[in-house]
Amino acid sequence: MKGSKKIIDEIVERYASDPGGLIPALLKIHETFGSIPEEAYPVLSQKFSATRLQILKILNFYDDFTSDPRKKNVIRICDGFTCNDKGSHYLMEKMKLMFETRKKMSVGQEIYSVESIPCQGLCGFGPIMIVNNQVYIAVTAEKADKILSEFFIEPTLPKNSNIKYGKNYL
Ligand code: FES
């Protein structure tokens, strides 16, 4: 991205005086660019005395980071026991079918990804679906279609798909 080096420098400078500033700097860079651009590594290494390997280990440790330049459209579905019992696995199955089991998919210019996540502590309200940072509760298959259409995703299943929902989740 044009001008990204300047933006990275400004972000890193903001956190450089804090000994624990590496993670906040990474988070801010990630939030700004949707990923950690290649040119950020030497700047981060120099300012925080961290090797590239150490930075990569942090990125791998936290789920929120990705080295893929994806947009902010991330669909997360709770895979915890209670949500599963309430039908979240049907939602996941549907998402996988919709997006042809690929983790990332393109819809127009946007990139979406579908991820399963562990229990979010909202079991009584499950199944839980989070699109970007918006949390949706009691998500049925029908409700999921409406949510996706808010994000301009056509909830179309591939032809011949034979998905079945639990009796409470039609
Ligand atoms: S199992 Fe989904 S919120 Fe707890």
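This is a short tutorial dialogue on reading a predicted model.

Q: Where should I start: what does the secondary structure of the chain come to?

A: Begin with the inventory, then read the order. The chain has 7 helices and 5 strands. Followed along the sequence, the pattern is α-α-α-α-β-α-α-β-β-β-β-α.

Q: What share of the residues in the chain is buried?

A: Of the 170 residues in the chain, 22% are buried. It also helps to look at contacts by sequence separation. Among contacts with a separation of 6 or more, 64% are between residues 24 or more positions apart.

Q: How do I read a single helix, say H1: which of its residues are buried?

A: Check the span, then the sides. Helix H1 covers residues 4–15, so 12 residues, and reaches 17 Å from its first C-alpha to its last, close to the 16 Å expected. Its buried residues are Ile 8, Ile 11, Val 12 and Tyr 15. These four lie on the same side of H1, because they cover an arc of only 95° around the axis.

Q: Which exposed residues does the face of H1 turned away from its buried side carry?

A: That face carries Lys 6 and Glu 10. As for the buried residues of H1, what covers them includes H2 and helix H3 (40–48).

Q: Why does Leu 26 count as buried?

A: Count neighbours around the residue. Leu 26 counts as buried because it has 23 C-beta neighbours inside 10 Å, and the cut-off is 20 or more. Leu 26 is found in helix H2, residues 22–33. Its C-alpha is 8.5 Å from that of Leu 44, with the two positions 18 residues apart in sequence numbering.

Q: What do nonpolar side chains tend to do in soluble globular proteins?

A: They tend to be buried together. In this model, the largest nonpolar core has 16 residues, and Ile 77, Leu 91, Met 95 and Met 129 touch the most other members. Strand E1 (73–78), helix H6 (88–98), strand E4 (129–131) and helix H7 (141–150) each supply at least two residues of this core. H6 gives the most, with 5 residues.

Q: Which residues does Met 129 touch, leaving out those up to four places away in sequence?

A: Met 129 touches Ile 77, Leu 91, Tyr 136, Val 139, Ala 144 and Ile 147. Apart from the core described above lies another, of 12 residues, including Ile 11, Leu 22, Ala 25 and Ala 40. Ile 11 also appeared among the buried residues of H1.

Note on methods: Residues are numbered from 1 along each chain as its sequence is written. This is a predicted model: local features need pLDDT of at least 70, side-chain atom pairs count only at pLDDT 80 or more; totals for chains, interfaces and linings use all residues. A nonpolar core is a set of buried Ala, Val, Leu, Ile, Met, Phe, Trp, Tyr and Cys residues joined through C-beta atoms within 7 Å. Two residues are in contact if their C-beta atoms, placed from the backbone, lie within 7 Å. The expected span of a helix is 1.5 Å times one less than its number of residues. The arc is that of the directions from the helix axis to the C-beta atoms.
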